[in-house]
Amino acid sequence: MTIRPAPRLLGGIFAAAALAPLAFAWPPILGVICGLWLLLAVLALLEYRNLKPMLAGVSVQRRLPANAARGLPFVCETTVANSGSLPIHAVVREGVPPAALQGPAFVPLELAAGARKTITARLTIPVRGQHSFGPAWVRIRGPWKLLEAQQGFDLSGGIKVLPETYASRETLSQDQRARLMQLDKLTRTRRHGAGSEFESLAEYRPGDDPRRIDWRTTARVRRPVIRRYQVERHRDVMIVIDSGRLMGASVGNGTKLDCAVDAALMLARVALQTGDRCGIAVFDDAVRGYLSPVAGVSAMGPLADQVYALDSQMREADFGAMFAELQVRQPRRSLIVVLSDLVDEETSQRMRTSMMRLAKRHVVLFAALQTPLLAAALRGEVNSLLDGARKGVALRLLRQRRRALHSLRRAGVHILDVAPSDLSIPLINQFIELRSQDLL
């Protein structure tokens with residue numbers, strides 16, 4: 001607890017001191033000044049004795065949700081209670097995370113004896129990861145407002161800020177929700193309509209393939225019955241996320257890495273819901289994380305924990321180390337989904353070579369995240385020599401990028417060339433398409 005003079009006490013002391021020059025004209029005023037100072041000292045001493053029990057009766061509690069979505073508001077509730085016998089005039093300051101858009105607020109409170117009040121704040125944190133809240137500070141003044149007492153309450157706690165689409169589908173736009181619902185229906189339809197794994201018997205309907213009629217059952221029930229098949233489940237799907245420097249590029253609402261993590265978790269959810277096993281790995285110039293494929297929707301928690309706090313580092317991505325890790329830990333033929341980008345042919349040579357070798361053993365889907373800045377430079381008007389040079393560089397980089405993607409496509413790697421902000425839906429659609437082709 002810290003006790004310090006309030007502005008009123010300081011003002012009284014200086015006001016009395018300001019009368020001191022009058023002592024040259026009227027010496028008895030010195031006695032008046034000393035009397036005022038003595039009176040203030042006595043009142044401050046009495047207030048000091050009152051402040052301690054007043055602050056001892058104050059308690060603070062904070063309630064936070066365990067998770068929040070990136071860039072979306074959540075509610076933080078702080079309850080201040082006064083169990084003392086005197087009313088208090090308090091000011092409460094919250095220790096919010098530095099990444100929060102809202103800074104610490106000073107909230108004044110009037111609390112009667114035995115009363116409590118709850119302060120509700122709507123906070124927004126635009127950065128994924130684990131964020132910590134600091135202590136809450138309560139400052140009260142005495143009855144005569146001569147002294148202030150302040151005390152910090154250790155309410156240390158944290159909140160997980162998850163990708164926005166993964167954390168809360170309710171916050172999506174109507175268009176995004178509609179597209180996701182269509183994908184869910186499409187997933188269920190294709191799960192039953194293709195593949196070679198027997199699922200069930202069903203009555204024949206016009207349009208069904210006659211080659212799937214089960215003649216033995218048809219003879220027993222005396223009506224046509226067909227065999228229904230589904231796409232083989234329990235296949236391995238590995239999602240590989242690049243966290244190198246290229247993924248730190250801003251794309252408006254976050255970075256490429258934010259879009260990749262969000263899309264990866266949505267894809268993982270679809271894969272687990274359709275019965276596949278899903279794992280996730282992270283790399284830049286080395287392997288930064290690896291979680292082998294696991295089954296069941298309950299595995300979404302460990303998968304999200306693996307990547308929700310992922311941050312882009314200023315390192316050049318090297319897929320070679322990730323390739324070696326996959327060769328050792330993923331011997332079973334799998335669908336490997338790589339979320340990354342290519343700049344040009346020269347700097348991506350090693351990555352392309354590794355993916356081409358990987359495609360001989362696995363089904364590889366490479367989601368190449370475009371750089372909006374290059375497209376904007378290409379569309380911009382040329383008003384100076386610098387604009388022309390900028391447009392020329394962008395044109396050359398985009399041409400080399402197309403060549404690099406083309407070489408991967410020719411080597412059997414499936415390519416999804418898409419803007420980062422539009423990644424999720426096309427990625428899931430491509431995944432469904434590949435799984436329905438029964439390539440694993």
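**Exercise 1. The lining of a pocket**

Task: Into how many nonpolar, polar and charged residues does the lining of the second largest pocket divide?

Solution. Step 1: In this predicted model, the lining of the second largest pocket comprises 11 nonpolar residues, 1 polar residue and 4 charged residues. Step 2: The lining has 16 residues in total, and those nearest the centre of the pocket are Val343, Thr371, Leu373, Leu374 and Leu397. Step 3: The space enclosed in this pocket amounts to about 280 Å³.

**Exercise 2. The helices that supply the lining**

Task: Which helix gives the most to the lining of the second largest pocket?

Solution. Step 1: At least two lining residues come from each of the helices α10 (372–379) and α11 (385–410). Step 2: The greatest contribution is that of α11, which provides 6 residues.

**Exercise 3. The packing of α10 and α11**

Task: Are α10 and α11 parallel or oblique to each other, and which residues of the two helices meet?

Solution. Step 1: The axes of these two helices come within 8 Å and cross at roughly 130 degrees. Step 2: An angle from 115 to 145 degrees falls outside the roughly perpendicular and roughly antiparallel ranges; α10 and α11 are therefore oblique to each other. Step 3: As for handedness, α10 passes α11 in a left-handed crossing. Step 4: On the α10 side, Leu374, Ala377, Leu378 and Arg379 take part, and they meet Arg390, Lys391, Ala394, Leu395, Leu397 and Leu398 of α11. Step 5: Sorted by character, the residues of this contact are 7 nonpolar, no polar and 3 charged.

**Exercise 4. The packing of α9 and α11**

Task: What is the orientation of α9 relative to α11, and is their crossing left-handed or right-handed?

Solution. Step 1: Helix α9 spans residues 349–359, and its axis comes within 9 Å of the axis of α11, with a crossing angle of roughly 20 degrees. Step 2: Angles under 35 degrees count as roughly parallel, so α9 and α11 are roughly parallel to each other. Step 3: Their crossing is right-handed. Step 4: Arg352, Met355 and Met356 of α9 make the contact with Ala404, Ser407 and Leu408 of α11. Step 5: This contact divides into 4 nonpolar residues, 1 polar and 1 charged.

**Exercise 5. One residue of α11**

Task: In which helix is Asp387 found, and how many Å apart in space are Asp387 and Ala367?

Solution. Step 1: Asp387 belongs to helix α11. Step 2: From C-alpha to C-alpha, Asp387 and Ala367 are 30 Å apart, while in sequence they are 20 residues apart. Step 3: When neighbours within four places in sequence are left aside, Asp387 is in contact with Glu381 and Val382.

**Exercise 6. The packing of α1 and α2**

Task: What orientation does α1 have relative to α2, and which residues of α1 and α2 meet?

Solution. Step 1: Helix α1 covers residues 7–18 and helix α2 covers residues 29–56; their axes come within 9 Å and cross at roughly 170 degrees. Step 2: That angle makes α1 roughly antiparallel to α2, because angles over 145 degrees count as roughly antiparallel. Step 3: The crossing in which α1 passes α2 is left-handed. Step 4: From α1, Leu9, Gly12, Ile13, Ala16 and Ala17 meet Ile33, Leu36, Trp37, Leu40 and Ala44 of α2. Step 5: The residues of this contact comprise 9 nonpolar, 1 polar and no charged.

Key:
Residues are numbered from 1 along each chain as its sequence is written. This is a predicted model: local features need pLDDT of at least 70, side-chain atom pairs count only at pLDDT 80 or more; totals for chains, interfaces and linings use all residues. Side-chain values use heavy atoms; hydrogens and water are left out. Axes are lines fitted to C-alpha atoms, for helices over the stretch in contact, and angles run from 0 to 180 degrees between N-to-C directions. Helices (H or I, at least four residues) and strands (E, at least two) are DSSP runs, numbered from the N terminus. Angles under 35 degrees count as roughly parallel, over 145 as roughly antiparallel, 65 to 115 as roughly perpendicular and the rest as oblique. A crossing is left-handed if the near helix is turned anticlockwise from the far one by less than a right angle, and right-handed if clockwise. Contact means heavy atoms within 4.5 Å. Ala, Val, Leu, Ile, Met, Phe, Trp, Tyr, Cys and Pro count as nonpolar, Asp, Glu, Lys and Arg as charged, and the others, Gly among them, as polar. On a 1 Å grid over the protein atoms alone, a cavity is a set of points where a 1.4 Å probe fits but cannot get out, and a pocket is an open set with protein on both sides within 12 Å along at least five of seven lines; lining residues have an atom within 4 Å of a point. Grid points are joined across faces, edges and corners, and a volume is the space filled by probe spheres set on the points.
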